[in-house]
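Work through the exercises below with the sequence and the coordinates open. Each task is followed by its solution.

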Amino acid sequence: MEKANYLSKVIFETLLLFLTWILLTESFALSELVFGFLISLIISLGSANLFTEHGLSHLHPKKFFYFVVYIPYYIYQVIKANIIMAIIVLSPSLPIKPGIVKVKTNLKTDVGKLALANSITLTPGTITMDIDGDELFVHWIVVEDESVEGATKSIVGPFEKFLEEIFS
């Protein structure tokens, strides 16, 4: 993916900040929308080169589709993990087998790896402890497979197929 020009970066960042403004203020009053847009634009003019390298290319329809599909899929994974954790916690024998496992990712971008690490950490039962190149070190409350391949398939597999499309 090519690096975007400054204008593309400013437009992308302004849109993202403005949407965040709308979500946080929960208001569609004209004065607040204008103020929010101006603040978003000013911030974007000063930080566009720091925020993104690819600008508007992030809004490619294919990436946007996978992002929209990823959100409910991720919520489903979190709910499933919460139920599993509740069963473990409520079980009298407390069937845990904690450990740190190494997993590998095929994601190439730092943002993609960050999204993967955060997805793993926000899913109950796993915490990403470190990222080193294409390897992540994850604390897993019930280690099902200590091999890199097995742990990667169990932990990374559910998220990576979507994140590869979003952050390619």
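**Exercise 1.** How many bridges join S2 to S3, and do these strands run parallel or antiparallel?

Solution. The model is a predicted one. Six bridges join S2 to S3, and the two strands run antiparallel. One residue pair to check is isoleucine 131, whose bridge partner in S3 is leucine 136. Next, place the pair in its sheet: three strands form an open sheet in the order S1-S3-S2, with antiparallel pairing. S1 and S2 are the edge strands, each pairing on one side only. From one strand to the next, the twist averages 25 degrees.

**Exercise 2.** Compare the end-to-end distance of H4 with its expected span, then locate the helix.

Solution. H4 has twelve residues, which at 1.5 Å a residue should span 16 Å. The expected span counts one less than the number of residues. The end C-alpha atoms of H4 are 16 Å apart, so the two values agree. H4 lies across S2 and S3, at about 155 degrees to S2. Its buried residues, among them Leu116 and Ile120, pack against H3, S2, S3 and H5.

**Exercise 3.** Which element gives the largest share of the largest nonpolar core?

Solution. Start with the core, which has 22 residues; Val101, Val103, Leu116, Ile120 and Leu163 have the most contacts inside it. Two or more residues come from each of H3, S1, H4, S3 and H5. The largest share, seven residues, comes from H5. H5 lies across S1 and S3, at about 70 degrees to S1. As a last step, list the contacts of valine 103: these include Leu136, Val138, Val148, Ala151, Ile155 and Val156.

Key: Residues are numbered from 1 along each chain as its sequence is written. This is a predicted model: local features need pLDDT of at least 70, side-chain atom pairs count only at pLDDT 80 or more; totals for chains, interfaces and linings use all residues. Side-chain values use heavy atoms; hydrogens and water are left out. A nonpolar core is a set of buried Ala, Val, Leu, Ile, Met, Phe, Trp, Tyr and Cys residues joined through side-chain atoms within 4.5 Å. Buried means under 20% relative accessible area, exposed over 50%, partly exposed in between (1.4 Å probe, protein chains only). Helices (H or I, at least four residues) and strands (E, at least two) are DSSP runs, numbered from the N terminus. Contact means heavy atoms within 4.5 Å. Two strands pair if DSSP finds at least two bridges between them. Axes are lines fitted to C-alpha atoms, for helices over the stretch in contact, and angles run from 0 to 180 degrees between N-to-C directions. Lists of a residue's contacts leave out its neighbours within four places in sequence.
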